[in-house]
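Here are my notes on the model you sent. They go from the overall chain to a few single residues.

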Amino acid sequence: MLNQVKGIGTKSLSLLNSLNIYTLEDLVTYYPFRYNFIKIDNIHNVKDKDHVIVEGIIESNPVLRRFGKMNSLTFRVNINNKIITTTIFNRAFMKNNLTIGSFVTIFGKYNEEKSSISASNIVLNRIQDNTI
């Protein structure tokens, strides 16, 4: 069946077969070696140094700091009635989109002592829970 798909020749077919992919269903449901299920965390239940995915409302205008070739954006977010300082690096282009009252989803590492998150990614809308 896979050999009927345009662009899959004998070489690609043997590579797919080595990954135990023999049908179109196998191909569509094949997940990479590393993947994450997205599950929104409750900020009140996370521990120090946990990697978290949280949603909240921006409470302050982002402050842009530049140092050398790098930059950082820092702002406060209300997550389940808890104010968390969020910092993300090298995303200066996002400054104008991060406005007070905007909804945001934050992926990052939680620091309990500083009540902060060092973000690895910020999405400007809701993420569907339990997705990949």
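What percentage of the 132 residues of the protein chain count as buried? The figure is 33%. The points below refer to a predicted model.

1. Secondary structure. The protein chain holds two helices and six strands. Read from the N terminus, the order is α-α-β-β-β-β-β-β, with the helices ahead of the strands.

2. Overall spread. The radius of gyration of the protein chain is 20 Å, whereas the globule rule gives 14 Å for 132 residues; the value is well over the rule, so the chain is more spread out than a compact globule. The C-alpha trace spans about 55 × 35 × 25 Å along its principal axes.

3. Contacts and surface. Counting contacts with a separation of 6 or more, 49% are between residues 24 or more positions apart. The exposed area of the protein chain is about 9000 Å², and 50% of that area comes from carbon and sulfur atoms.

4. Charge. The side chains of the protein chain include 16 positive and 10 negative ones. The centres of these two sets are 12 Å apart.

5. The aromatic pair. The count of aromatic pairs is one. Its members are phenylalanine 67 and phenylalanine 89, whose ring centres lie 6.5 Å apart. Their planes meet at 80 degrees, and because an angle over 60 counts as edge-to-face, the pair is put in that class. Phenylalanine 67 belongs to strand E2 (residues 63-67) and phenylalanine 89 to strand E4, so the pair ties together parts 22 residues apart in sequence.

6. Exposure of the pair. Are the two rings' residues buried, exposed or partly exposed? Phenylalanine 67 has a relative accessibility of 40% and counts as partly exposed. Phenylalanine 89, at 38%, also counts as partly exposed. Both values fall between the limits of 20% for buried and 50% for exposed, so neither residue is classed as buried.

7. Asparagine 81. Where does asparagine 81 lie? It is in the loop between strand E3 (70-79) and strand E4 (82-89). Its relative accessibility is 74%, and because the exposed class begins over 50%, asparagine 81 counts as exposed.

8. Asparagine 81 and lysine 39. These two residues are 42 residues apart in sequence. From C-alpha to C-alpha, the distance between asparagine 81 and lysine 39 is 19 Å.

Terms used. Residues numbered from 1 in each chain as written. Predicted model: local features only at pLDDT ≥ 70, side-chain atom pairs only at ≥ 80, totals over all residues. Heavy atoms only, no water. Helix = DSSP H or I, 4+ residues; strand = E, 2+ residues; numbered from the N terminus. Rg over C-alpha atoms; globule rule 2.2 N^0.38 Å. Buried < 20%, exposed > 50% of the residue type's maximum accessible area, 1.4 Å probe, protein only. Contact = heavy atoms within 4.5 Å. Areas by Shrake-Rupley, 256 points an atom, 1.4 Å probe, with all protein chains shown as cover. Lys, Arg positive; Asp, Glu negative; His and termini not counted. Charge placed at Lys NZ, Arg CZ, Asp CG, Glu CD. Phe/Tyr/Trp six-rings, centres within 6.5 Å; stacked < 30°, edge-to-face > 60°.
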